[in-house]
Structures are given as C-alpha cells and as structure tokens.
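Colleague: Could you take me closely through one part of this predicted model, the interface, and then set it against what surrounds it?

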Amino acid sequence: MNSAIEVLLVEDNPDDLELALFALKKHNFANTIHVARDGEEALDFLFCRNAYAGRSFDHPPRVVLLDLKLPKIDGLEVLRAIKNDPRTQAVPVVVMTSSKQQRDMIEGYKLGVNSYIQKPIDFAEFREIIRQLGYYCLAINQPPPPEAFQ
Amino acid sequence: MLTSSVALILTSAAFIGYELISLRKTSLQNGEALAQVIAATSSAALRFDDETFGTEMLSKLAIDPTIVMASLYDNDGKILGRYPAERPAADFPKIRGAEGHAFKGGAVRIFVPVKEKGEHLGTLFLKMDLETMFERLRLYAGITCIVLLSCFLVALAVSNWLQRSISGPVLELAETAKTVSLKKDYLVRARKYGSDELGLLTDAFNHMLTQIHERDVALTESETRMRAVLNSAVSAVVVIDCAGLIIDWNSRAEQIFGWPRREAVGRSLGETIIPSRYRERHQRGLNHFLATGEGPILNRLIDITALRRDGTEFPVELSISPMKTGNVTTFCGFITDITERKQAAQALSLLAAIVESSDDAIIGKDLSGTIVSWNAGAERMFGYTAAEAIGKKSAILIPPDRLKEESIALAHIQEGRLTHFESARVRKDGKSLHVSVTMSPIKNAEGKIIGVSASSRDISDRIRAEEEIRALNLRLEERVLQRTAELEATNRELEAFTYSVSHDLRAPLRHIDAFAQILADELNAGMTAQGRKYIERIRHGVQNMGQLVDDLLNLSRVGRMEVRHRTIKLNAIVDVVLAEMKPEAGARQIKWVLGELPSAVCDPGLVKQVFTNLISNAVKYTRPREQAVIEIGKQTEEGATAIFVRDNGVGFNMKYADKLFGVFHRLHRAEDFEGTGVGLATVQRIIHLHEGRIWAEAELDKGATFYFTLRGISST
C-alpha cells in the first residue's frame, strides 16, 4: 500500500506546489503524493507512458488535484483526456485553481470534473479545504472498484 | 217682314193722305165750279130781289147729292134763296161779304161772290157734304187695308218660307260659326237642309270646318311634336322676341337655368340668364341687329358665361339664329351647358401639359410597336424629335439583346396587364442608358386594347449610384468583417487579460498570505507583538487586493455578459439579499422598512447584485448610527416607477454626486469605510444594461437615497 500513489498533484507554480505540499504534509498525506509539473507529465503518469511506462493501470491515484494553468498541455485538456479514456475516466479529479472564471468552471463540469475549488487567498482557508478534501477523498470516499477501469 | 209691313203701311197712309187731299181738292174744285155756275145764274134773282127765283135756281143743286145746303145772300146779308127750300132760314149762316172756303165738320163751306158786269151783287154759300168723299176714302182705306193685310199675309207666308229655307240655315250657319270660334271645336257641323245654294254653302262651310279641324289636329300634333322635340333637346332652347323678352323656354332650359317655363316666359332674357356685367353688351347686340339686320354672334357658336337663378355662373355654348315670320323677328337661342366639357378640356389640357412637361419619356405605341406619340421628355431622353420618332418602330430605342423584354411586355399588355421593368435603351447618338419602364394598356371607349403607353425614366444615375452603393457596401462589409475580426481579437485579448488577471494576480496574493502565515507560525515564539501586527497588515492588504481583483473582474464581466430577462418580483430578490446580509450586519440595530415592490422583467442575477450593492452600502454607511434605518421602496418619478434604497447614514455632499458612479471614485476615506470604488460603477452598468437610470440624493451626515428605474418595470 506504501508504494501506491494516492494523490496526483499537478502544479507548475513552485510556490503553489510548496504551499499545497505544506498543507498536505500537515495532514500526513505526503508519502502518497506524486507531483507532475505540467499537463504532459500528468498524462504520461496517468497513462503509464514515456517516463512512466513502467507503471501499471492497476494502481490509479485515488484523486487528481489539477491546476488549470499548466505548461504544454493545460489543465482542461488533461481533464478531457482523463475523462475521455475509459482506463482513467473513473479517477476522481478535483480542479484547484486561482481563477474564478465561469467559462472554465462550465467547461470543467461539462468534461466531468468531480470537484471544482477556487483557491482562497486566505491560506488558513486553503489549509482547511485541503484537510477536508484529503479526509473525504482518502478516508471517507470509497474508491472505484477495479472493474470501473475495465 | 217688319220693314215691309211698315213700308206698306206708310205707303198706304201716303196713298190715303194723297187721296184725301186730292179728293178734298177735287170736291172743292167741283163745289167752287158749281158755285160759280150757280152764282152766274143767280145774279138775276139778286138784281131783282126775287127770292123765289133764287130758291128755284138753288133747287137745281139737287143734282149734286153732296150739296147739303146752299143759300144766296145780297150785299146786305138777306137771304134770297135757300136750298133745301124747306129748311128754315135760321139754319143758314148769316154772312156778309164772305169769300173763300172753310172745311168744318165733314163738310166744306164755300163762299162765292155773285157778280154781274163786275158789280158785286151778293154772295152764294154752298155747304158741301164731304161724306161721299169720306165714303170713297173709307173705301180706299178698306181696300188699302185689305191689300195691306193680303200683302202682309203673303209676306208672312213668304217670309216664313224664306226663313225656313234661307234664314234658318244661314242663322244656324252663323250659330255654328260662333260655336266654332268660341269653343274652338272644329268637330261641330252645320246641318244641311237642301241641295240648293244654301246646301252648297253648308257643304262648303262643313268642308272648311273639316279642313280646319284637320289642320288644327295637324297643327296640334306638330306643336306637340315640336314641344317634345324642344323638351328632349340636349340644349336649352330659348326663343325671344325683338324686345328681348322670352317667348319660349324648353325643359332643358328649365333644368339648366332653374327657371320654370311659366315664370321664364315674359321675362327679359338679359335679366334672366346673362350675368349683369354682360347685359349691356347683350342689349347693344340686340339693338344693333334690329337696326342693321346683322350681328357678329348670329348663326355661330360662341362660348359665354351664363347665370343661373341661384346666382351661380357657368360656361355655356350659345348659338343664336334670327327667325323672321312675316314682319316679326324672333331669335332662337340654343344653349348648351359646357361646364363638364370645359372641365374635361381643362383636365385634358392639364394632362397634356403634365405629359409634355414630364421629365419621363412618355411614348404612345400601337400594338405593333409603332410610335404614335412622343413627348418632350422622350425627345430629351432619346434624342429623337417627335417628327423623327412618330411612325417608327419603338425597336429603334431598344438594344438588340433587350428586344425579347419588349415582346414579353407587349404580350402582358395584350392581356390587359400593367408591366413595370427595368431595361436599357439606346439614344439617337448611340449612347446607352438605363431606364425604368412602366407600360400600361390604352383602351378605346369599348374597352378594347388599342395601344400601349410607355413611360420611361432615366435611371442611369440611380443604377450608377446603386453600383457605387454596392461597391461601398462590399467595402463596408469587408471593413465590418475586418473590424469584427479586430474586435474579436480585442475581445479575446481582453478575455485572456481578465483570465490572467484573475489567475495570475490572485496567485501571488495567495502566496504572500500563505507565506506570511507560515512565517508567523514558524516564528511563533520569537515574534514580537509589533511583528505580528505587521504580518496582519500584510494579510489585510492581500485581502483588499483580492477583493479589488474580484470586483474588477465582476465589473468587466457585467459589461460583456448577455442579459437574460425573466419576470420576477423584486421583493423576492430583496428577501434573498437581506437573508445574506443579516449575518454581516451582526448585532447592529438596524430597522428595516420594506415597501411593496413591483415585478420586473430583468436579469435576476444582475438585479440582485444591484440590491446587494446598494443595501450593503446602506448597512456600511449607517455604521456610526446607533439606530440605523434602511428603507427599500418605490415611488413614481417622471411617470416611471423608481425603486429606492434609503438610509440615515453619513450621506455625502451632493457636489460630488456626479463622481459617485465612476470606477475607483470614493467619497470616504478607506480607514472610515472600506471599499474598492468599483461597486456603484458595476451597479450603474447593470442599470444601463436594463435601459434604466440611477441617481442619488443625499445630505452630508443625514443619509442618502439611491434611486433606479428599469425598463422592465411597468409604470404604475
């Protein structure tokens, strides 16, 4: 279970990355986090290709925390790829973004995002959100059974 | 009869008178002669004074029975003889020296002197009885009477007969003639009594009556026919005598002039139908004709103005002919009301003038396409004169490739349809032009199509203008496309900008806040109170900045978003806003006065922002008040329903009212009242999106009222 990645954090901004990891660590999720720094890397990881060719589809992450503004392939494209592929579409995706752009929210929900969170400016609020999210996704929510991944 | 009787009587009387006189004369002569004879023989008795002799001499008078008495006197009056001798002397007159004779009492007394050798011896007196004479006279009278009576009877008989056979019929003839003349009854006939001259006369008379009757009937028929003809004449027929007085007047004249015949006849024509200003001329013309027998207006048609009974004037056509019957001249006038003709002529000439003055080419063609009329516009447009064009085929104007249009149009015309099309034409000088042609059928009185009227308008300028417009439009469209593309690009840039603003401006704020917090946590023990305060200031600034970014993004979104209208009760929106607002208001004492608000057709989300903004402002600016009063209601402003939000807060100076709705304009200091200066600008933008109006009234330290209208609020 130790080797299983439970959270895929897709974030390009080092500050955001640091703060997200800080918040996750505070709640003891640090060991099960994999960080992807752009959309391409995130997709490689999820689809077990290129640098992650050795990975198996048998162990999908329990949640993907996805930023929208990403180099190479942006967040919405990543979301579309995840949700359009039967091998990955069961993976819960939580969009975490600074933007409150309605357009993005609408598009995100149309593509099948599971949650959409705007990062609040108040860091205390952010930490609370991360805590609740981790608790919910990793402790409360039942992960999809393997059959969901065909 | 009477005459003849009188004549007879007079004749008889004369005859008897004459007989009387001649008898008297004869008797006297006889008596005197007898007396002379006796006297001559009696002289002896006187000389000798012998009475016996005297009486003897006188006795010889007995031969004449008419002598009733005789006596002989001497110069002394002594009777010397008596006859009859037996009559006493006293019966004899006593005379002396008497001479001559005297008629007395049916007898004549004759006194004759008895002379011898001139010596007067005495006087002989004879009384001669005239009875015999009267006897004769009576006989004569009797005979005369008988003759008279006979004559009278005969005359009576003759007269009767005459009367029966002559006078009767003549009188009857006279009576008949009288009847005829009185009753004008020519059917009466005189009775015929025989075949004599009177019979012939009666026949002749009756024949004459028959002829008169026939003439009369013919005359009456002719008169009736003539009256009928006159009365059915389209023209008014007026006959006047040489004094200018109307003597006949037909029914058309009655209609035209308004005078019934019985009133018109006898009136002066001049005063009846001639306007006063022409009367003198009319009278002069009449006098001139009567004097010279000629007149300029006789026997020809003239147009003049006539007068109706009601005083209106109208144009007439008049012809006057003098008619001479015997020595009497009358004038017959035929008068036609030509009002309609004049109007028609005017309309026609107007029409002709319009056609002639039209800028359009107006061409008449027959059905074979031969030009029959050509106006000035056609001459100007096509360069052919009327003389050149008329008689030619209209094909001379049509470019060969357009001839088909013409035959199609002609086919339409023959179906009686009006056609309108645009085409090209060739001028005489070979230049071509664009025309708009309207062709309509020309029909004759029976409605048969006999030709075409083609009206062409030179639209070369228009076509050129249209081409220019088309070209301009094309250019415009290109430019619009270009501008649209530019605008879209700008919009995309703006989108990208706001996207990055919302994303990239917020991220550093989050980082600053987060690291400041982490720092504070890390330095927890070693942080001074002052340091902690600075950290708080950093975080506060970050919060403000975040709010500003959010507000600006909202403002820009409001400007670009599509408004989605639906009908909603404004009270419902206010209730939601108040529910959200109340926790914020916290423990403050706020008295809410909520009025009944109307429904509105609006975008509820946007209008909710308006209420949120205005109400939160009211809450904010009443903060210094122990008891805040916030009133939300409606009132009528310039016929429109305005919604207001009123507070008893700090208010503002009205001289800054125009700055109220500008972005980043604030009327309060940040340390007094927080805010970004974007809220009211957003509110104004939303109100404008709803075609409404927003304004504020305030007084410093007394409070402020914000009003707004929305097009979607029906006025009450």
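Modeller: What follows begins with the contact between the two chains, then turns to confidence, and ends with the paired strands of chain B.

This is a predicted model, and its overall scores are an ipTM of 0.81 and a pTM of 0.41. At the interface, 24 residues of chain B are in contact with 25 residues of chain A, and the area buried between chain B and chain A comes to about 2100 Å², with carbon and sulfur atoms giving 52% of it. On the chain B side, the residues that lose the most area to chain A are B:Y499, B:H503 and B:R510, which together account for 32% of what that side buries.

Turning to polar features, the count between chain B and chain A is 3 salt bridges, and one of the salt bridges in the model joins A:D122 to B:R539, whose closest N and O atoms are 2.7 Å apart. Across the same interface of chain B and chain A, 8 residue pairs are found in polar contact, with both residues of each pair at pLDDT 80 or more. Two helices of chain B, α13 (460-522) and α14 (529-560), each supply at least two residues of the side that touches chain A, and α13(B) gives the most to that side, with 17 residues. Sorted by class, the side of chain B that touches chain A has 8 nonpolar, 7 polar and 9 charged residues.

As to how far the predictor trusts each chain, chain B averages a pLDDT of 84, and 99% of its residues score at least 70, while chain A averages a pLDDT of 85, with 95% of its residues scoring at least 70. Within chain B, confidence is lowest in strand β3 (residues 100-104), at a mean of 79, and highest in strand β22 (residues 703-709), at 92. Within chain A, the lowest mean, 84, belongs to helix α5 (residues 123-140), and the highest, 92, to helix α3 (residues 75-84).

Salt bridges are also found when the search covers the whole structure, which gives 42 over all chains. Among them is the pair of B:D248 and B:R261, with the closest N and O atoms 2.8 Å apart; this pair links distant parts of the chain, B:D248 lying in strand β7 (residues 246-249) of chain B and B:R261 in helix α6 (residues 261-264) of chain B, 13 residues apart. Side chains of opposite charge can pair when their charged atoms come close.

Chain B also contains a series of antiparallel strand pairings. Strand β8 (residues 301-307) of chain B runs antiparallel to strand β9 (residues 313-325) of chain B and is joined to it by 7 bridges, with B:D303 standing opposite B:E317 in β9(B). These two strands, β8(B) and β9(B), form a hairpin with 5 residues between them, and B:G311 in the turn has a positive phi of about 95 degrees. On from there, β9(B) is joined to β10(B) by 10 bridges, again in an antiparallel arrangement, and the bridge partner of B:M323 in β10(B) is B:T330. The hairpin of β9(B) and β10(B) has 2 residues between its strands, and B:G326 in the turn has a positive phi of about 65 degrees. Strand β10 (residues 328-337) of chain B is in turn joined by 6 bridges to strand β6 (residues 236-241) of chain B, and these run antiparallel; here B:D241 stands opposite B:T330 in β10(B), so that B:T330 is paired with B:D241 as well as with B:M323.

Note on methods: Residues numbered from 1 in each chain as written. Chains lettered and ligands numbered in written order. Heavy atoms only, no water. Contact = heavy atoms within 4.5 Å. Buried area = accessible area lost by both parts, 1.4 Å probe. Salt bridge = Lys/Arg side-chain N within 4 Å of Asp/Glu carboxyl O. Polar contact = N/O pair within 3.5 Å; in protein donor to acceptor, adjacent residues only side chain to side chain. Helix = DSSP H or I, 4+ residues; strand = E, 2+ residues; numbered from the N terminus. Nonpolar A, V, L, I, M, F, W, Y, C, P; charged D, E, K, R; others polar. pLDDT = per-residue confidence, 0-100. Pairing = 2+ DSSP bridges.
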